[in-house]
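Biologist: Could you take a close look at the aromatic side chains for me? I'd like one connected walk through the ring contacts, and then whatever else belongs in the picture.

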Amino acid sequence: MTKEKLKKNLQSFADNGVNLVLISLLTGLFSGVVVTLYNILAHIGEETSVKLYGLLLDNPAFIPLLFVGLAAGAVVIGTFVRFVPMIRGSGIPQIEGAARGIIRFKWYVTMCSMFAASLACIFLGLSAGAEGPSLEIGGCAGEAVGKTLRRNQMARRLQIAGGSSAGLAVAFNAPVTGLFFAMEEAFRSFSPQVFVCAALSIVTALFTRNAIRPPLGYGVGFTFESFIFPENFSFSYCLWIIPAAVVAALAGVAFYHSVTLAKKLFKKITFFNGTGKYIIPFMLAGAFGLVTSYAMGGGHSFIEALGTHGTGKISIESVFGISVVASIIIVFAFKYIAGVMAMGCGIPCGVFIPMLAMGAGLGGVLAVAFVAMGMDPAFCDYFIIICMAVFFTTIVKAPITGIVMVFELTGQFTNFLPVLLGVAIGYLISMLFKLEPIYEKNLDAFIVDEKLYENVRKERISLIVQPHSKAEMNKVRAIIWPTNGLVVEVVSGGTVIVPDGEYIFKAGDTLVFECETDSLEELYGYLYEIVGKQPDGTEDN
C-alpha cells in the first residue's frame with residue numbers, strides 16, 4: 001500500500017468513523033442530562049398532581065377552580081401546539097420524520113416547548129406519559145449537537161435517531177428497547193451506522209442518567225418490580241395465552257380506529273382558532289382524576305399495582321369500594337378514553353406508557369377470569385405483561401421493540417416464549433385488519449397538515465462512486481440514502497445493472513439515483529457525502 005493510499009484510508013476512517021463516534025458520545029451526554037432532568041420533573045409533577053387532586057377531594061368547594069384551571073391550561077397548551085406543530089401529540093411521529101430527513105425543525109424551540117407543555121399536562125393531571133416527549137427531547141439534543149458542530153445532513157439524521165433512542169432508553173432505563181426502537185421505528189433500517197450512533201448515544205446517556213439520579217435521591221433500577229414469573233412454564237398454558245392475546249389485539253384494533261375517528265371529529269372543532277378543542281380532553285381528565293389517581297399520569301403505579309409477585313392476587317386501590325375486576329375495568333376505560341382524546345386532539349404528552357397500562361389492565365382482568373376457570377394463580381403475572389406487549393404491538397406494529405421492552409421493564413427473561421407467542425398473534429391480527437403503524441399514520445397526517453410536500457419535485461441524478469467514499473465496498477442496503485429516494489440503476493464496467501440491496505459498490509461505478517426533494521442543492525450535498533465529491537464536469541442532473 002502506497003503512502004498516499006494509506007493517508008487516504010486513514011482520512012476516510014477519521015471522516016466516516018471517529019467523527020461519528022465522537023458526536024454520538026456528545027449526543028448521548030446532552031440527551032442524558034436533559035432527559036434525566038425532564039423525567040425527574042415529570043415524576044415530581046405527577047406526585048404533585050395526585051396530592052393536589054386529593055386535597056380537592058377533601059375540600060370539594062374548590063373543585064370548580066380545578067376545572068377553571070384546566071380550561072385555561074387547555075387554551076394555553078393549544079396555543080403552544082398551534083405555533084409549534086412539532087410538539088403535537090407525543091412528538092414521536094415528528095421526530096421520526098426528522099430522523100428520516102422529511103421534517104426540518106429548530107431544535108431549541110421544539111425542545112423547550114415540548115419540555116414545558118408536556119410537564120404542564122402532567123402537572124394538570126392528564127393521563128400523560130413522559131416517554132414520548134423524552135424521545136423527542138432526545139432527538140432535539142441530537143439535532144443540537146449535529147447543528148452546532150456543523151455536520152452534514154446525514155450525520156444530523158443519525159444524531160437525531162441516536163438522541164431519540166437515548167431519550168427513550170433514559171426514560172425507561174431500557175437500553176436495548178431504545179436501540180431497537182431507533183432501528184425498527186425511527187429509521188426502519190438495521191444499518192451499521194444507525195446501530196453505532198444509537199448504541200453509543202444510549203450507553204453515554206444511561207451512564208449520565210445513572211450518575212445524576214442517585215445524588216438527587218432517585219433509584220436507577222428497573223421500572224416494574226412486582227412481576228414474578230415461574231420458570232416451569234408449561235406449554236399447556238398456551239391454551240390460555242391464545243385467547244388472551246386475541247382479546248388484547250382486538251382491543252388494540254379498536255383503540256387504533258377510535259383514534260382515527262377522534263382525529264376526524266376534533267378537526268371539526270374550530271373555536272378559539274382551534275385551541276378550544278383541547279378543553280374537552282382536559283375536562284374529562286379532571287373528572288377521571290377525581291375518581292381515581294390511577295387515571296392520572298402515565299400509568300406506572302397502575303401497572304406496578306397489577307403485579308402479583310407471583311401470588312395471583314391483585315391488590316390495586318379500589319374505586320368506590322367495588323371489586324378488583326370492576327376497578328381495573330374502570331381504570332382501563334378512563335385510560336382508553338384519555339388516550340384516544342390525547343392522540344386524536346394532539347395534546348403534547350406521551351401515550352407510550354398509557355398504552356402499556358391499557359394492555360396491562362386487560363391482562364389483569366383476563367388473569368382473574370382465567371384463575372376462576374381453573375388456571376394456576378402463579379401464572380397471572382404472565383398474562384398482564386403478555387397483554388401489555390400485545391396491545392402495544394398491535395397499535396405500533398413494532399414487534400421486536402414490544403418483546404424486548406417487556407424483558408427490560410421487568411428485569412426477567414423467563415417470559416420469552418409466552419410473550420413471543422402473544423406478540424406474534426397480535427401482529428398477525430394487526431395485519432389481518434390492515435393497520436398501518438400508528439406513528440407512521442400520524443406522520444403522514446402531519447406532513448399533509450403542514451403541507452410539507454408542496455414544493456417537492458422528482459429528480460434523477462447520476463454520480464460516480466469515488467475511491468475511499470462511504471459507498472465504496474458497501475452494500476446498497478447498508479447505506480442511509482435520502483428519504484423517498486432509490487438507486488434505480490448502476491453502470492459497472494460498461495454493464496447496466498438494476499441493483500438489489502445486496503449489490504456492493506465499487507470505485508468507478510456510476511449510480512443513478514431518483515428522489516423526491518424540495519432542495520436539489522441539499523440532495524447533491526447529501527449524495528456527495530455517500531459517493532464522494534465528483535470531479536469537475538462529471539455531474540449529471
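Modeller: Sure, and keep in mind that this is a predicted model. How many aromatic pairs does the structure hold? The count comes to 20 aromatic pairs. Take Phe172 and Phe352 to start with: their ring centres sit 5.4 Å apart with 65 degrees between the planes, which makes the pair edge-to-face. In sequence these two are 180 residues apart, so to speak a link between distant parts of the chain, with Phe172 in helix 6 (residues 153-172) and Phe352 in helix 13 (residues 352-372). Are these rings buried or exposed? Both Phe172 and Phe352 are buried.

Stay with helix 13, because Phe370 lies there too, and its partner Phe383 is in helix 14 (residues 380-396). That pair ties together parts that are 13 residues apart in sequence. Why does the Phe370 and Phe383 pair count as edge-to-face? The planes are at 75 degrees, with the centres 5.4 Å apart, and over 60 degrees is what the edge-to-face label asks for. Phe370 has a relative accessible area of 7%, so it is buried. Phe383, at 0% relative accessibility, counts as buried as well.

Then there's a cluster: ring pairs link Phe227, Phe229, Phe379 and Tyr382. A charge joins in at another ring, where Lys397 lies over the face of Tyr427, at 5.4 Å from the ring centre.

Now for the cysteines. How many disulfides are there? The count is 0 disulfides. Look at Cys112: the closest cysteine sulfur to its own is in Cys140, 8.8 Å away, and that is too far for a bond, because a disulfide needs the sulfur atoms within 2.5 Å. Seen from the other end, Cys140 has its closest cysteine sulfur in Cys112, at that 8.8 Å, so no bond there either. Cys140 counts as buried because its relative accessibility is 0%.

Last stop, the surface. Which residues make the nonpolar surface patch of about 480 Å²? The patch is made by Leu26, Leu29, Val33, Leu37, Leu149 and Leu216. One of these, Leu29, has its place in helix 1 (residues 3-58). With 44% relative accessibility, Leu29 counts as partly exposed, because that label covers values between 20% and 50%.

Key. Residues are numbered from 1 along each chain as its sequence is written. This is a predicted model: local features need pLDDT of at least 70, side-chain atom pairs count only at pLDDT 80 or more; totals for chains, interfaces and linings use all residues. Side-chain values use heavy atoms; hydrogens and water are left out. Patches are made of residues with over 30% relative accessible area and no salt bridge: like charges are joined within 9 Å, nonpolar side chains (Val, Leu, Ile, Met, Phe, Trp, Tyr) within 5 Å. Accessible areas come from the Shrake-Rupley method with a 1.4 Å probe; for residues, only the protein chains shown count as cover. A salt bridge is a side-chain nitrogen of Lys or Arg within 4 Å of a carboxyl oxygen of Asp or Glu. Helices (H or I, at least four residues) and strands (E, at least two) are DSSP runs, numbered from the N terminus. Buried means under 20% relative accessible area, exposed over 50%, partly exposed in between (1.4 Å probe, protein chains only). Rings of Phe, Tyr and Trp (its six-membered ring) pair if their centres lie within 6.5 Å; planes under 30 degrees apart count as stacked, over 60 as edge-to-face and the rest as tilted. A charge sits over a ring if NZ of Lys or CZ of Arg is within 6 Å of the ring centre and within 35 degrees of the ring normal.
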